[in-house]
Each structure stands twice: as C-alpha cells, then as structure tokens.
Amino acid sequence: MTANLGTLDRAARLILGLVLFAAPLLNVPAIWSNTVLSFGSMVVGLILAGTALVRFCPLYRILGISTCKL
C-alpha cells in the first residue's frame, strides 16, 4: 500500500469525515433524523477519516491518481 494522498487532501478528508460522522450524532441539521441518511453519513465519514489516517485511497489507485508528493 503506497501512500497516494497529499497533505491538503488528507486534511480535507479528515475534516469532512469528522463532520459527516458527528452531524447525525448531534442531529444538526434535522435531516439526520432519517435513519438511512444518518447511518450512510456515518459510514462515509468513517471511510473518509480512515483513508486520511492511512494516507491511501483505493479509488485513487484504481483511477491512477496521486496527490502525494513523494
């Protein structure tokens, strides 16, 4: 697993992932009262935060994209 996420990409993914994970827990805005949207948002948030922490995105690998400057 070679790193393919740059610093800016990782920061954006981590922030967005944490927001998507926390929003349903705080019920802000009220759209998160729908169970499917709530769990979907939390799953996407975990995936974004996870890819940011390990510095690897499988979709980027498939598409041949790399934002890492290694």
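Guide: In this predicted model, a residue is called buried when its relative accessible area is under 20%. Trp-32 can serve as the opening case.

Visitor: Why is Trp-32 called buried?

Guide: Its relative accessible area is 17%, and the cut-off is under 20%, so Trp-32 qualifies as buried. Trp-32 is placed in the loop between H1 and H2.

Visitor: Which residues is Trp-32 in contact with, leaving aside its neighbours within four places in sequence?

Guide: They are Ala-23, Pro-24, Asn-27, Leu-37, Ser-38 and Ser-41. Of these, Ala-23 and Pro-24 are buried residues of H1, while Ser-38 and Ser-41 are buried in H2. Asn-27 comes just after H1 and has a positive phi of about 60°.

Visitor: How do you know that the span of H1 is close to the expected one?

Guide: H1 covers residues 7-26, which is 20 residues. From first C-alpha to last it reaches 28 Å, and the value expected at 1.5 Å a residue is 28 Å.

Visitor: What makes the span of H2 agree with its number of residues?

Guide: H2 has 20 residues, which should span 28 Å at 1.5 Å a residue. Its end C-alpha atoms are 29 Å apart, so the span agrees with the expectation.

Visitor: How do you know on which side of H1 the buried residues lie?

Guide: The buried residues of H1 are Asp-9, Arg-13, Gly-17, Ala-23 and Pro-24. They cover an arc of only 135° around the axis, so they are on the same side of H1. Thr-7, Leu-8, Ile-15, Leu-18, Leu-25 and Leu-26 are exposed on the other side of H1.

Visitor: What covers the buried residues of H1?

Guide: The cover includes helix H2 (35-54) and H3. For the buried residues of H2, the cover includes H1 and H3.

Visitor: What makes the pairing of Arg-13 and Asp-9 a salt bridge?

Guide: The N to O distance between their side chains is 3.3 Å. The limit is 4 Å between a side-chain nitrogen of Lys or Arg and a carboxyl oxygen of Asp or Glu, so the pair qualifies. In general, side chains of opposite charge can pair when their charged atoms come close. The structure holds one salt bridge. Both Arg-13 and Asp-9 are buried.

Visitor: Why are Arg-13 and Asp-9 separated by about one helical turn?

Guide: Because they are four residues apart in helix H1, about one helical turn separates them.

Visitor: Why is Ile-62 called exposed?

Guide: Its relative accessible area is 68%, and exposed means over 50%, so Ile-62 meets the condition. Ile-62 is part of helix H3, residues 58-63.

Visitor: Which residues form the nonpolar patch on the surface?

Guide: Leu-59, Ile-62, Leu-63 and Ile-65 form it, with about 420 Å² of accessible area together. A patch takes residues with over 30% relative accessible area; Ile-62, at 68%, passes that condition.

Visitor: Why does Thr-2 count as exposed?

Guide: Thr-2 has a relative accessibility of 53% and the cut-off is over 50%, so it counts as exposed. Thr-2 belongs to the segment before H1. Apart from neighbours within four places in sequence, Thr-2 is in contact with Arg-55, Phe-56 and Arg-61. Its C-alpha atom is 13 Å from that of Leu-59, and the two residues are 57 apart along the chain.

Visitor: Why is Arg-55 called partly exposed?

Guide: Its relative accessibility is 29%. Buried means under 20% and exposed over 50%, with partly exposed in between, so Arg-55 counts as partly exposed. Arg-55 sits in the loop between H2 and H3.

Visitor: What is the phi of Arg-55?

Guide: It is near 60°, a positive value in a residue other than glycine. Most residues other than glycine have a negative phi.

Visitor: How many helices and strands does the secondary structure of the protein come to?

Guide: There are three helices and zero strands, and the order from the N terminus is α-α-α. The C-alpha atoms fill a box of roughly 40 × 20 × 15 Å along the principal axes. Of the 70 residues, 30% are buried.

Conventions:
Residues are numbered from 1 along each chain as its sequence is written. This is a predicted model: local features need pLDDT of at least 70, side-chain atom pairs count only at pLDDT 80 or more; totals for chains, interfaces and linings use all residues. Side-chain values use heavy atoms; hydrogens and water are left out. Patches are made of residues with over 30% relative accessible area and no salt bridge: like charges are joined within 9 Å, nonpolar side chains (Val, Leu, Ile, Met, Phe, Trp, Tyr) within 5 Å. Accessible areas come from the Shrake-Rupley method with a 1.4 Å probe; for residues, only the protein chains shown count as cover. Helices (H or I, at least four residues) and strands (E, at least two) are DSSP runs, numbered from the N terminus. Buried means under 20% relative accessible area, exposed over 50%, partly exposed in between (1.4 Å probe, protein chains only). The expected span of a helix is 1.5 Å times one less than its number of residues. The arc is that of the directions from the helix axis to the C-beta atoms. Contact means heavy atoms within 4.5 Å.
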